[in-house]
Amino acid sequence: MVMGRQEKSAATAPAAFNLAEAGFGDRPDLDDDGREKRTGTLVTASAHIITAVIGSGVLSLAWAIAQLGWVIGPAVLVAFSVITWFCSSLLADCYRSPDPVHGKRNYTYGQAVRANLGVAKYRLCSLAQYVNLVGVTVGYTITTAISMGAIRRSNCFHRNGHDAACLASDTTNMMIFAGIQILLSQLPNFHKIWWLSIVAAVMSLAYSTIGLGLSIAKIAGGAHAKTTFTGVTVGVDVSASEKIWRTFQSLGDIAFAYSYSNVLIEIQDTLRSSPPENEVMKKASFIGVTTTTMFYMLCGVLGYAAFGNRAPGNFLTGFGFYEPFWLVDIGNVCIVVHLVGAYQVFCQPIYQFVEGCARSRWPDSSFINSERVVRLPLIGDFPLSPFRLVWRTIYVVLTAVVAMAFPFFNDFLGLIGAVSFWPLTVYFPVQMYMSQAKVRRFSPTWTWMNVLSFACLVVSLLAAAGSIQGLIKSVTHYKPFSVQN
């Protein structure tokens, strides 16, 4: 129950750290900070990362490559993967401070920022992190509902022909998804859902492979989709202004596909102490980013080759593929199962933050602090908290309502990726590394790291502009809570 015990306020962290000095570190059931022994390994950390990274972002990559073309598209994918891996390695060293191996643990991303950069930067980081996490959970609700609807529509098209008016209610599907998440949200922490991450990681690889296989089959079947070195053609596929906006939005979609830095510290806090957590986390990040980049490149490039400049925004639900319908169904089932787990990975930091603040604010409240153990069939002892039940249910319902009101897959994902990429993936890891390593101002390292940070800021601003323009355009033609065809 490592993550559950992190609900203590940051003010208690130094006291917990001193427990090791008092002799608690010798107890086999406790770590050096006096908390329950962490049992995470390279395998579980890699699974958490793959679960967080390979998500709904992979579904939009064929569309993103179509906007950028054969040259810039793959180059941008590689660039984002290298930047993500590099900055994640910097961030892994910030789990402990001031020394990355023997320093005091920082249990969350925000605590790492506060320990290295101070309170002001911590507040900015917390705002960026939690806005992003909320956005991701809304985005996953949208994506899951679309995939659930695609299963029904796929069977309908198979029975009645590809021109049939097959309808699906995203609103109903979002309600079903919310009900599942309300139940899973009662699991108190990451250690209680490690199995869900393993299953979700397998599912993500499965639907990526299915999409890849369908793209290869479409190409091998003699399809000759129109592709170009520069992507969609101005005057033929899109107008000049639309080409610019779509190019910017595609950057946001790719950035979203690599979004996991905001939960890296929380994942690292599940690792056992030996070997050093930063070494294991760097290896896990390399495995996770390398694995996902291979799938991203294959899915994006082959998806573009299969569909060309008319690639759908979601290549498993946009019905570029109709047959074999059962394989399309399996792919969408895998998406649903994966995002059920990924939703929990991303919302756990939100849950811990709110519950930690509530316990600090009302330490004597029985409603907030009480917890009963209930024995359930097949599950065993299950900790049930009244406050956790009420507040987590409210959170899931609110994210579902927002998703119902704005179910725009590409635009929403692009905006989330744009808003979170620079501050969480690049800026704070770079600044924390330079502070911890005491990098001298205007030295070569200081200069090129700040150049990297500024360049990524420009990319994020352009991507945000493109996604906002797409959202505005989509909203003007949308009726909330309607049935989609």
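Contacts, burial and helix packing in a predicted model

Leaving aside neighbours within four places in sequence, Leu384 touches Glu371, Arg372 and Val374. The model is a predicted one.

Q: What makes Leu384 count as partly exposed?
A: The relative accessibility of Leu384 is 33%. Buried means under 20% and exposed means over 50%, so Leu384, with its 33%, is classed as partly exposed. Leu384 belongs to strand 4 (residues 380-384).

Q: How far apart are Leu384 and Arg372 in sequence and in space?
A: They are separated by 12 residues in sequence and by 5.2 Å in space, C-alpha to C-alpha.

Q: Why is Gln249 called buried?
A: Gln249 has a relative accessibility of 6%. The limit for buried is under 20%, so Gln249 at 6% counts as buried. Gln249 sits in helix 9 (residues 240-257). Beyond neighbours within four places in sequence, its contacts include Trp63, Asn410, Asp411 and Ala463.

Q: Why are helix 4 and helix 16 called oblique to each other?
A: The axes of helix 4 (residues 61-92) and helix 16 (residues 444-475) cross at roughly 125° and come within 13 Å. Perpendicular covers 65 to 115 degrees and antiparallel begins over 145; the angle of roughly 125° falls in neither class, and the pair is therefore oblique. The crossing is left-handed.

Q: Which residues of helix 4 and helix 16 meet, and how do they divide into nonpolar, polar and charged?
A: Phe80, Ile83, Phe86 and Leu90 in helix 4 meet Trp448, Met449, Leu452, Cys456 and Val459 in helix 16. The contact has 9 nonpolar residues, no polar and no charged.

Technical notes: Residues are numbered from 1 along each chain as its sequence is written. This is a predicted model: local features need pLDDT of at least 70, side-chain atom pairs count only at pLDDT 80 or more; totals for chains, interfaces and linings use all residues. Side-chain values use heavy atoms; hydrogens and water are left out. Axes are lines fitted to C-alpha atoms, for helices over the stretch in contact, and angles run from 0 to 180 degrees between N-to-C directions. Helices (H or I, at least four residues) and strands (E, at least two) are DSSP runs, numbered from the N terminus. Angles under 35 degrees count as roughly parallel, over 145 as roughly antiparallel, 65 to 115 as roughly perpendicular and the rest as oblique. A crossing is left-handed if the near helix is turned anticlockwise from the far one by less than a right angle, and right-handed if clockwise. Contact means heavy atoms within 4.5 Å. Ala, Val, Leu, Ile, Met, Phe, Trp, Tyr, Cys and Pro count as nonpolar, Asp, Glu, Lys and Arg as charged, and the others, Gly among them, as polar. Buried means under 20% relative accessible area, exposed over 50%, partly exposed in between (1.4 Å probe, protein chains only).
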